[in-house]
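Open the model in your viewer and show the side chains as sticks. This tour goes from charged pairs to cysteines.

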Amino acid sequence: MDLSGLNITIIGAGIGGLAVALALRARGAEVRILEQAEAIREVGAGIQISPNGLRVLQALDLGEGFRRISVRGRAVSLRNLRGGEVLRMDLAGLPEDHSYRFVHRADFVELLAARARAVGVRVRLLQNVRDVTPGASPRITLCNGDATCADLVIGADGLHSVLRPVLNGAAQPFFTGQVAWRAVVPNKVSHPAEARVHMGPGRHMVSYPLRGGDMVNLVAVQERSDWAAEGWSHRDDAANLRAAFAGFGGVVPGLLSGVENPGLWGLFRHPVARHWHGDHVALLGDAAHPTLPFLAQGANMALEDAWVLADALAGARDMAEGLATYQQRRRARVVKVIDAASGNAWKYHLRNPLVRGVAHLGLGVVGRLAPG
Ligand code: FAD
């Protein structure tokens with residue numbers, strides 16, 4: 001299918017929306033993004049991009065720029081309560097163009113947005129979409145009552161997508177019994193260029209360096225019986241985080257001493273959407289398949305979606321065939337990855353340290369996910 005001149009509207013300027021905009025624009029489509037926020041920005045936190053995500057960035061001609069803003073990960077190590085290493089996956093031997101990397105989200109989104117604008121993607125801010133009606137020329141209605149149409153509408157609008165329920169009905173997420181704190185701290189502990197998972201009974205913390213190693217990103221997860229609402233914008237007292245991880249050794253106390261005003265949110269599980277497409281509409285990224293953060297693959301999956309959607313459309317006879325091929329190529333893989341992420345939660349939190357060590361021998365995170 002010739003995409004040149006096709007009018008495509010993407011809802012959401014997150015990692016998924018910006019990446020698919022670039023992939024479609026490269027094939028000649030006229031692309032517009034509607035973003036509800038007043039500026040394209042991500043709040044201060046890090047993200048891990050594995051070789052599969054990096055491959056997509058390279059295909060979008062962003063490999064060099066991305067390597068400049070990210071830290072190359074040399075290993076992923078699992079550690080016990082005292083800070084001792086339980087398991088180490090050495091990543092230093094991976095070739096540069098298959099490397100595992102850590103990046104500040106703000107830097108990453110800025111890179112994608114700058115390139116999108118440079119190649120002629122129209123990014124419209126303060127456009128809060130209320131509804132989408134699928135059809136030959138799907139209709140998008142904004143919260144202010146304005147309406148517009150396109151040849152194809154892509155819902156890359158994240159966890160609370162407006163398009164997902166149109167195609168799938170209301171989802172029933174459930175609380176996993178875990179909450180997570182998120183913070184970025186100065187690197188006062190000389191944290192090496194590796195992702196560390198610090199495991200303890202009923203809790204774990206992930207740390208890795210950002211911005212040339214000057215900062216460290218922390219995500220700390222604790223089991224808890226109740227939580228009020230889904231979302232990640234709650235603020236908590238840093239003392240609660242320090243108390244939850246009080247018994248941990250190694251670099252953990254030094255890292256936690258630098259935390260101020262961390263974010264805290266409840267972790268919910270969502271089913272992967274059954275229908276990723278309808279009449280001239282498609283879902284992508286978290287809108288189709290929100291995941292728990294225990295395998296660091298949500299954004300990587302959104303990047304893969306972006307490439308495959310553009311590729312499937314370009315290779316199809318018509319849009320219906322292209323959208324069906326997109327879901328067919330993506331859904332089984334995404335389900336597998338999300339199940340693996342959910343499985344990691346209980347492995348990290350096992351109460352018997354011996355069993356915890358054995359459970360992790362089968363992880364093989366990077367090896368299993370790196371394509372080719
Ligand atoms: P989003 O990033 O949610 O973007 C959606 C965009 O749509 C936003 O800009 C939003 O403002 C906009 N929008 C929403 N509704 C509307 C509307 N109605 N109208 C207009 N615009 C709208 N993934 C990894 O790969 N590696 C990691 O290391 C990693 N770590 C994580 C750590 C944590 C703590 C968490 C919570 C997640 C992590 N993830 C990670 C997952 C990753 O952040 C997400 O999967 C990814 O950001 C999803 O991107 P997206 O573009 O699909 O959605």
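The stops below cover salt bridges first and cysteines after that.

Keep in mind that this is a predicted model.

**Stop 1: the overall count**

Begin with the whole structure. How many salt bridges does a search find? The total is 18. The next stops pick out some of them.

**Stop 2: Arg67 and Glu96**

Select Arg67 and Glu96. Their side chains form a salt bridge, with N to O at 3.8 Å. That falls inside the cut-off, because a salt bridge needs the nitrogen within 4 Å of the carboxyl oxygen.

Now colour by secondary structure. Arg67 belongs to helix H3, residues 63-69. Glu96 sits in the loop between strand E6 (85-90) and strand E7 (101-104). The two residues are 29 apart in sequence, so their contact ties together separate parts of the chain. Turn on the surface and look at Glu96: this residue is partly exposed, at 39% relative accessible area.

**Stop 3: the network around this pair**

Keep Arg67 and Glu96 selected, and add Glu64, Arg72 and Arg101. What links these five residues? Glu64, Arg67, Arg72, Glu96 and Arg101 are joined in a network of salt bridges.

**Stop 4: Glu194 and Arg196**

Move to Glu194 and Arg196. They form a salt bridge, and their closest N and O atoms lie 2.8 Å apart. Are these residues buried or exposed? Glu194 is buried, with a relative accessibility of 4%. Arg196 is buried too, at 13%. Both values fit the label because buried means under 20%.

**Stop 5: Arg317 and Glu321**

Next, select Arg317 and Glu321. Here the side chains meet in a salt bridge at 2.5 Å, N to O. Check the surface again. Arg317 is exposed, with 73% relative accessible area. Glu321 counts as partly exposed, at 25%.

**Stop 6: the cysteines**

Finish with Cys143 and Cys149. A disulfide is a covalent bond between the sulfur atoms of two cysteines. How many disulfides does the model contain? The count is zero.

Draw a distance between the two sulfurs to see why Cys143 is unpaired. The closest cysteine sulfur to that of Cys143 is in Cys149, 17 Å away, which is too far for a bond. Cys149 is likewise in no disulfide, its nearest cysteine sulfur being that of Cys143. The cut-off is 2.5 Å between sulfur atoms, so a 17 Å gap does not qualify.

Leave the surface on for a last look. Cys143 is partly exposed, with a relative accessible area of 43%. Cys149 is partly exposed as well, at 40%.

Terms used:
Residues numbered from 1 in each chain as written. Predicted model: local features only at pLDDT ≥ 70, side-chain atom pairs only at ≥ 80, totals over all residues. Heavy atoms only, no water. Helix = DSSP H or I, 4+ residues; strand = E, 2+ residues; numbered from the N terminus. Buried < 20%, exposed > 50% of the residue type's maximum accessible area, 1.4 Å probe, protein only.
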